[in-house]
Amino acid sequence: MPTIEEVPEDVSTSTTGNGGQQQQQQEQQAHSWRAVGSHLLENKVDCGMWIARIASVTFSIMYVLPLSSSREESYSYYQRALICNALASALRLHQRMPNFHFSRHYLAQLLLEDSCHNVLYSLIFINGSPITIALIPVFLYSLLHSSNYTRKLLDKAGPTSVPILRNLINKLVARQTDILRIIAFNEIILFPFLFFMLFYGKCSLLSPFMHFNFLVYRYASRRNPYTRQIMGELRMKAEEFAQRPSTPGFIKTTIEKSVSLLSRFAVPMNTAPRL
C-alpha cells in the first residue's frame, strides 16, 4: 500500500512565513517607488532640472566618444549638451529669483546668481566652433547636481535601494570640492584659450570679451567661492615666479602689469557687478 508522508507543521509554517515576508518586502518596495513618483509629480521643476542635467551628461559623453558618423551629428551633441545646461540653469534661476520686473536692481541681482552665469556660459559657446574643454564644466556641473538629486530620490525609495548606485554617488559627492575647483580652473583657462581660437578663426570676436565678463560675474558670486580662490592662487604663483632671480626682466614686467590690470576688474565682495 502506498504510504502517505505527513509534512511537519514547522516546515509548512516557515514556508508560509517566508512567502509572506517576500510579499511584504515587495509591497514595501512598490510603495517606496510610488513615493518617488509622487515626489517627482509634486516637484515638476526639480524633475525637469534633473532630466535636463542627465541629458546634458549623456550628450557630452556622446560628443566626446567617437559614436557619430559625421561632424554635423557630433556638433549637434555639443549644442544639445549646452542647451540642456542652459535649460536646467534657467529653471533653477526661476526658483531663486522673484517675479520679473524690469529694473536695474533686479538685473544686478540676476547677475549675481550662479544659474544666470551658467546660462550666459552656454550662450557664449553654443554658436561657435565646438570646443571640447568648454564642455568640461557643463559635464561636471550636470553630473554633480544630477547625482545629488538622484541620491535624494534613492532616499525616498528606501535606505537600501540600489546600493551600487548609491555607493558611486557617495564617492562622487565626497569629491565635490575638488570637482568644483576643477570647474573653476577650467573656466579661467578658457579665457586665454579663446584668444588663440580667435586668431585661428574658430570663435567670434565677442567670445573672449563675453567670457571675460562671465569671469567677472563668477568672481562676484555669492555661492561659488572657488573662482576667487583659484584666481588668488594663480596670482600668488605668478608673483612668486616673477620674483625669482632667474626670471627674465621682460617676463617679470609682463606678469606685474597683467596682474595689476586684471586686479582693477576684481569686484568687491557682496557687491553686484556693474551693468
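So, a salt bridge here means a side-chain nitrogen of Lys or Arg within 4 Å of a carboxyl oxygen of Asp or Glu. Keep that in mind, since Arg96, Glu113 and Arg223 are linked in a network of salt bridges. And just to be clear, what you're looking at is a predicted model.

Let's stay with that network for a moment. Glutamate 113 and arginine 223 pair up through their side chains, with 2.7 Å from N to O. Where do glutamate 113 and arginine 223 lie? Glutamate 113 is in the loop between α4 (104–110) and α5, and arginine 223 is in the loop between α9 and α10, so this salt bridge ties together parts that sit 110 residues apart in sequence. Glutamate 113 is buried, at a relative accessible area of 4%. Arginine 223 is partly exposed, at 44%. Across the whole structure there are seven salt bridges, and I'll show you a couple of others as we go.

OK, on to helix α8. It runs over residues 176–199, and at 1.5 Å a residue its 24 residues should span 34 Å; the end C-alpha atoms are 36 Å apart, which agrees. There's a bend in there, though: about 35° at phenylalanine 191, with proline 192 following within four residues. Then, just after α8, glycine 201 takes a positive phi of about 70°.

Which residues of α8 are buried? Among them are Ile179, Leu180, Ile183 and Ala184, then Asn186, Glu187 and Ile188, and further along Leu190, Leu194 and Met197. As for what covers those buried residues, the list includes α5 (114–125), α6 (135–157), α7 (163–174), α9 (207–219) and α10 (226–242).

α8 also has some charged pairs worth a look. Arginine 181 forms a salt bridge with glutamate 233, and their closest N and O atoms are 2.8 Å apart. That pair links distant parts of the chain, with arginine 181 in helix α8 and glutamate 233 in helix α10, 52 residues apart. Arginine 181 counts as partly exposed at 24% relative accessibility, and glutamate 233 is partly exposed too, at 36%.

The last pair is aspartate 178 with arginine 175, whose side chains meet in a salt bridge at 3.2 Å, N to O. Is arginine 175 buried or exposed? At 51% relative accessibility, it counts as exposed. The cut-off for exposed is over 50%. Its partner, aspartate 178, comes in at 35%, so that one counts as partly exposed.

That's my tour; happy to go back to any of it.

Definitions and conventions:
Residues are numbered from 1 along each chain as its sequence is written. This is a predicted model: local features need pLDDT of at least 70, side-chain atom pairs count only at pLDDT 80 or more; totals for chains, interfaces and linings use all residues. Side-chain values use heavy atoms; hydrogens and water are left out. Helices (H or I, at least four residues) and strands (E, at least two) are DSSP runs, numbered from the N terminus. The expected span of a helix is 1.5 Å times one less than its number of residues. The bend at a residue is the angle between axes fitted to the seven residues ending there and the seven starting there. Buried means under 20% relative accessible area, exposed over 50%, partly exposed in between (1.4 Å probe, protein chains only). Contact means heavy atoms within 4.5 Å.
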